[in-house]
Amino acid sequence: MTNVTKNNKALKVKAPIVEALKLAYENPTYQFHIPGHTKGNGTLTDFKKLIGAKALSVDTTDEFDNLGTLHPATGPIKEAQELAAKAFGAKKTFFLLNGSTAGNLAIAMGLTKKGQRILTNRNCHRSILTGMIISGAEPLWLVPKRFDDWGIWGNVTPESVEEALSTHNDISMVWITNPTYEGVVSDIKSISKICKKYNVPLVVDEAHACLWNFNKHLPTPALQLGADAVVHSLHKTGGSMSQSSMLHIAENSMLDVAAVEKALKLLHTTSPSLILLASLDAARANLESQKGKRQIERAIQNAKYLRREIEQMEHIHDLKPDFGYMTDVTKIFIRADGLSGKRLESILEIEFGIEVESASDAGLLLLSNLGNTRSDMEYLVKCLQKIDKSHYSDIYYMENKKHMPMLTPIIKMSLREAFYSEKETIPKDLAVGRISAEVIAECPPGIAVLLPGELITEEHLPYLTDYDFIEVIK
Ligand SMILES: Cc1ncc(COP(=O)(O)O)c(C=O)c1O
């Protein structure tokens, strides 16, 4: 063995679940247990062909084949969680199925109680709200800055956090989304200092930021800035499979880790997919590897290239990482003069076969991902150049529909009380003046238009064009 090969072996990043699953695949057994498709034999042939026999033969849960268990974490799953904790700089990492949604639910269910107040931004994800419906805690809203030209929410200011904490002495947790869906970054370092001054834990919903730990040109991750816990949707930008995420508890966290773990056990499926768990293990190992680091660098360079090209365009503009607030360079929010975001999205999709992350009233969001090549970006640039030089116009019905809720709520009842109250379903046109009984927060971005207990006003109607009926309090 040459020195180079030896060194490469020494550098190989460990992925215990991937290794265990590989071993199970190489040593097949006669199976008389779930899943009943038994290596794909008991399902539709077309599905087996599409997914692949190999993938179906490693589709198993944590009950078999020495693969370890998720609750409590044992064997390769425990080892993989420990490696992830080390990679992300956490005291403890939990692998999540059902996405970061499961992490947010567990934090709310395990750590908050009926009547407690949680200081959180109005544009938080609906999973935080669902968590509060479960626990009975109440949101105290921070209304972030609004970037009206771009039709998006901006950052949460440290001053607004300080003001809330100094005027309300019943806040039991500060829970900030960072970055926003469009990549706007808040000053978590200052917010964390303020939380420590008031002795209140800080949880950061970093669902969109799992790459930050692996490249110094990206913003600093909240765990390094004093947050007590964060969630990461590894499946969004980190390379794991859909639905798989992580919850990290910080080294010096003031949170009760055992309470979070108990809540997770209750919330999780009792048949966790080993494929999803292995994909988390693989994603973490990849991000730590030289190859993964190169992929992140490429994503950043591709984003910069796209932004430079957009700079040359006359009618298409990007939300710049240096427009006065920090942003994550890999999330490129663009708008085109005279076109709604939805119209631009449909031109890209129908005429050029390009699918974007999301579109809102003003613009659309493109992600420069680990897996995108330079030629993907070059194609995108060519298409945007064509749009820039053409005379597309907006379509009336698209203009009338709003997608990014930026409303300040009028609260009439507590969230949980309203959710469990007697309700009736009425035509939307009769709903103005009534109190909402449902969570209306379409994904993406999963940000609330209306929550149980909030007054329905005329302002809500443009966001409700897909609804004919609405549930209100009786
Ligand atoms: C800010 C934020 N938090 C949490 C979530 C939930 O993440 P997941 O889809 O992994 O459950 C999302 C999903 O879009 C999100 O945008």
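Student: Is Lys39 buried, exposed or partly exposed in this predicted model?
Tutor: Let's place the residue before judging it: Lys39 is found in the loop between H2 and H3. Its C-beta atom has 18 C-beta neighbours inside 10 Å. Buried would need 20 or more and exposed 12 or fewer, so with 18 neighbours Lys39 counts as partly exposed.

Student: What is the phi of Lys39?
Tutor: Good one to check on the backbone. Lys39 is not a glycine, yet its phi is positive. The value is about 60°.

Student: Which other residue, in the loop between helix H10 (234–238) and strand S9 (245–250), has a positive phi although it is not a glycine?
Tutor: Look in the loop that runs between helix H10 (234–238) and strand S9 (245–250). The residue there has a phi of about 95°, and it counts as partly exposed with 18 C-beta neighbours inside 10 Å. That residue is Gln243.

Student: Why does His33 count as exposed?
Tutor: His33 lies in the loop between helix H2 (16–26) and helix H3 (45–51). A residue is exposed if 12 or fewer other C-beta atoms lie within 10 Å of its own. His33 is exposed because the number of other C-beta atoms within 10 Å is 12.

Student: How many Å apart are His33 and Asp62 in space?
Tutor: Along the sequence, 29 residues separate His33 and Asp62. In space, going from C-alpha to C-alpha, the distance is 12 Å.

Student: Which residue does a cis peptide bond join to Ile34?
Tutor: The omega of this bond is about -5°. The partner of Ile34 has its place in the loop between H2 and H3. It is Pro35.

Student: And what is omega for the cis peptide bond that joins His71 and Pro72?
Tutor: Pro72 lies in the loop between helix H4 (53–57) and helix H5 (75–88). The cis peptide bond there joins Pro72 to His71, with omega about 0°.

Student: Which helix gives the largest share of the shell around the ligand?
Tutor: In total, 14 residues surround the ligand, and Gly99, Ser100, Thr101, His125 and Ala207 are the closest. By class, the shell has four nonpolar residues, nine polar and one charged. Its largest share, three residues, comes from helix H6 (residues 99–111).

Student: From which domains does the shell draw at least three residues each?
Tutor: The domain assignment gives domain 1 (75–286), domain 2 (290–399) and domain 3 (415–473). Over C-alpha atoms, the centres of domain 2 and domain 3 are 32 Å apart. The shell around the ligand takes at least three residues from each of domain 1 and domain 3.

Student: Why is the protein as compact as a globular protein of its length?
Tutor: Let's start with the make-up: the protein has 17 helices and 15 strands. For 474 residues the globule rule gives 23 Å, and the radius of gyration is close to that, so the protein is as compact as a globular protein of that length; its radius of gyration is 23 Å.

Student: What share of the contacts with a separation of 6 or more comes from residues 24 or more positions apart?
Tutor: As a setting for this, buried residues make up 47% of the 474 residues. Among contacts with a separation of 6 or more, the share from residues 24 or more positions apart is 69%.

Student: Over which residues is the pLDDT below 50?
Tutor: The mean pLDDT of the protein is 93, and 95% of its residues reach 70 or more. One stretch has a pLDDT below 50, with one contact in the model beyond near neighbours in sequence. Where pLDDT is low, the predicted coordinates should not be read in detail. The stretch is residues 1–8.

Key:
Residues are numbered from 1 along each chain as its sequence is written. This is a predicted model: local features need pLDDT of at least 70, side-chain atom pairs count only at pLDDT 80 or more; totals for chains, interfaces and linings use all residues. Helices (H or I, at least four residues) and strands (E, at least two) are DSSP runs, numbered from the N terminus. The radius of gyration is taken over C-alpha atoms; the globule rule is 2.2 Å times the number of residues to the power 0.38. Two residues are in contact if their C-beta atoms, placed from the backbone, lie within 7 Å. pLDDT is the predictor's confidence in each residue, from 0 to 100. A residue is near a molecule or strand if its C-beta atom, placed from the backbone, lies within 6 Å of it. Ala, Val, Leu, Ile, Met, Phe, Trp, Tyr, Cys and Pro count as nonpolar, Asp, Glu, Lys and Arg as charged, and the others, Gly among them, as polar. Domain bounds come from an automatic or database domain assignment.
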